[in-house]
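Visitor: I've just pulled this chain up and I'd love a tour of how its pieces fit together. Where shall we start?

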Amino acid sequence: MLSESWQKSISARARLPLLATFALTYAATQRPSGAAAGTRERFLVCYSRDDLAAIQNYDLAVLDSDIDADLSGRQNPAAILLGYLSLGELHRGRGYFPDVSRDGVLFDANPNWPDAQFVDMRAARWRDRIVTQLVPAILARGFSGLFFDTLDNAEFLETRNPVRFSGMVEGAADLVRSVRHHFPNVPIMINRGYAVLPRIAGKFDMLLGESVRTTFDAKSRSYQLVSEAGYLWQVERMRRARERDPHLRLFSLDYWDPEDRDGIARIYTGQRANSFIPYVGTFDLTSIVTEP
């Protein structure tokens, strides 16, 4: 059974195969050059790899880095595109999986998603591949920034076996610091990873809190409110991250029934009251749900 702390901090994106599209926006105080004064910044999350015309309506888009679309023809000219990269585990569907496997840096499969294997984030070979191959490849495809996922795995592994996985949290932090060192001007967003964040304050630009107020329960196949304790736990960690770095921009991703427009509107209102830039989507994020 997963530890309580891991259950609170595990990233839902880490549990989905072939993760795809995020689209995000800057806070109003740090508005992209193309956003009009007084307008509300636009933030979208969508896993679709095909119908991406809608990203033209958003200010900052994070897409799956393997996407085949012509990025230059689909984005808002004033928008910034961030490419997805999982640091803590690797899905077998990624084209570079065989090469990473030969590097000898993969552990056993994620118990929740057998098609994804944990990565040794302490390994120099993994760090070097990220810095010299994976990140440059993302930027070469037209992305102007990076979205880092699955940093939560570091805490999970080190907690599960402190001897075997000693130093995993520090290894995860070193990965982010290395990318920032080699790419000092590239925008970086991180999904959760709360145990790692204190070690990398000032080394990333945006933090995403996932399933902050609402989530999707895979067992019951239903949308649910996060417990009050779980909600407050994540909000507090996001706020602590911004206390360490006042320039950090905070985003939230929640899941809800797209037919319940009033419910979605309430989630948006609540997250904006937290000073988060919110998006509310479907459990699989394969379709765009517009804000009411």
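Visitor: At about what angle to β7 does helix α4 run?
Guide: Helices (H or I, at least four residues) and strands (E, at least two) are DSSP runs, numbered from the N terminus. Helix α4 covers residues 152-160 and lies across β5, β6 and β7. Axes are lines fitted to C-alpha atoms (for helices over the stretch in contact), with angles from 0 to 180 degrees between N-to-C directions. Taken that way, α4 runs relative to β7 at about 75°.

Visitor: What kind of model is this, and what pLDDT do local features need?
Guide: Residues are numbered from 1 along each chain as its sequence is written, and side-chain values use heavy atoms, with hydrogens and water left out. This is a predicted model: totals for chains, interfaces and linings use all residues, side-chain atom pairs count only at pLDDT 80 or more, and local features need pLDDT of at least 70.

Visitor: Back to the strands under α4, then. Which strands stand at the edges of the open sheet?
Guide: The sheet has 3 strands in the order β5-β7-β6, with antiparallel pairing (two strands pair if DSSP finds at least two bridges between them). An edge strand has a single partner, so one side of it is left without a neighbour in the sheet, and that goes for β5 (89-91) and β6 (106-109).

Visitor: How much does that sheet twist, on average, from one strand to the next?
Guide: One of its pairings is β6 with β7 (residues 116-119), antiparallel over 2 bridges. Within that pair, L106 sits opposite V119. From one strand to the next in the sheet, the twist averages 35°.

Visitor: Is strand β8 largely enclosed or left open by the rest of the structure?
Guide: Start with the two faces: G145, F147 and D149 are on one side and L146 and F148 on the other, and all are buried (under 20% relative accessible area; exposed is over 50%, partly exposed in between, with a 1.4 Å probe and protein chains only). That split fits the usual pattern, in which side chains of a regular strand alternate between the two faces of the sheet. Since 5 of the 5 residues of β8 (145-149) are buried, the strand is largely enclosed.

Visitor: Which residue of β9 stands opposite L146?
Guide: β8 pairs in the parallel sense with β4 (residues 80-86) over 5 bridges, and there Y84 faces F147. β8 also runs parallel to β9 (residues 188-191), joined by 3 bridges. In that pairing, the residue opposite L146 is I188.

Visitor: R192 has a positive phi without being a glycine; is it buried or exposed?
Guide: R192 is in the loop between β9 and β10 (206-210), and its phi is about 55°. Its relative accessibility is 2%, so R192 counts as buried.

Visitor: And R221, what is its relative accessible area?
Guide: R221 is in the turn of a hairpin formed by β11 and β12, with 4 residues between the strands, and has a positive phi of about 55°. Antiparallel β11 (214-217) and β12 (222-225) are joined by 4 bridges, with T214 opposite L225. R221 is exposed because its relative accessible area is 55%.

Visitor: Now the helices: what is the handedness of the α3 and α5 crossing?
Guide: The axes of α3 (residues 124-140) and α5 (residues 168-182) come within 10 Å and cross at roughly 40°. A crossing is left-handed if the near helix is turned anticlockwise from the far one by less than a right angle, and right-handed if clockwise. This one is right-handed.

Visitor: How many residues of that contact are nonpolar?
Guide: On α3, W126, R127, I130, V131 and V135 meet D174, L175, S178, V179 and H182 of α5 (contact means heavy atoms within 4.5 Å). Ala, Val, Leu, Ile, Met, Phe, Trp, Tyr, Cys and Pro count as nonpolar, Asp, Glu, Lys and Arg as charged, and the others, Gly among them, as polar. By that scheme the contact has 2 charged, 2 polar and, among nonpolar residues, 6.

Visitor: Which side chain makes a polar contact with the side chain of D260?
Guide: D260 is in the loop between β13 (249-255) and α7 (261-273), and at 25% relative accessibility it counts as partly exposed. A polar contact is a pair of N or O atoms within 3.5 Å; within protein, one must be able to donate a hydrogen and the other to accept it, and residues adjacent in sequence count only if both atoms are side-chain atoms. For D260 the distance is 2.9 Å and the partner is W256.

Visitor: Zooming out, what percentage of the protein chain's residues count as buried?
Guide: The chain has 7 helices and 14 strands. Of its 292 residues, the buried share is 54%.
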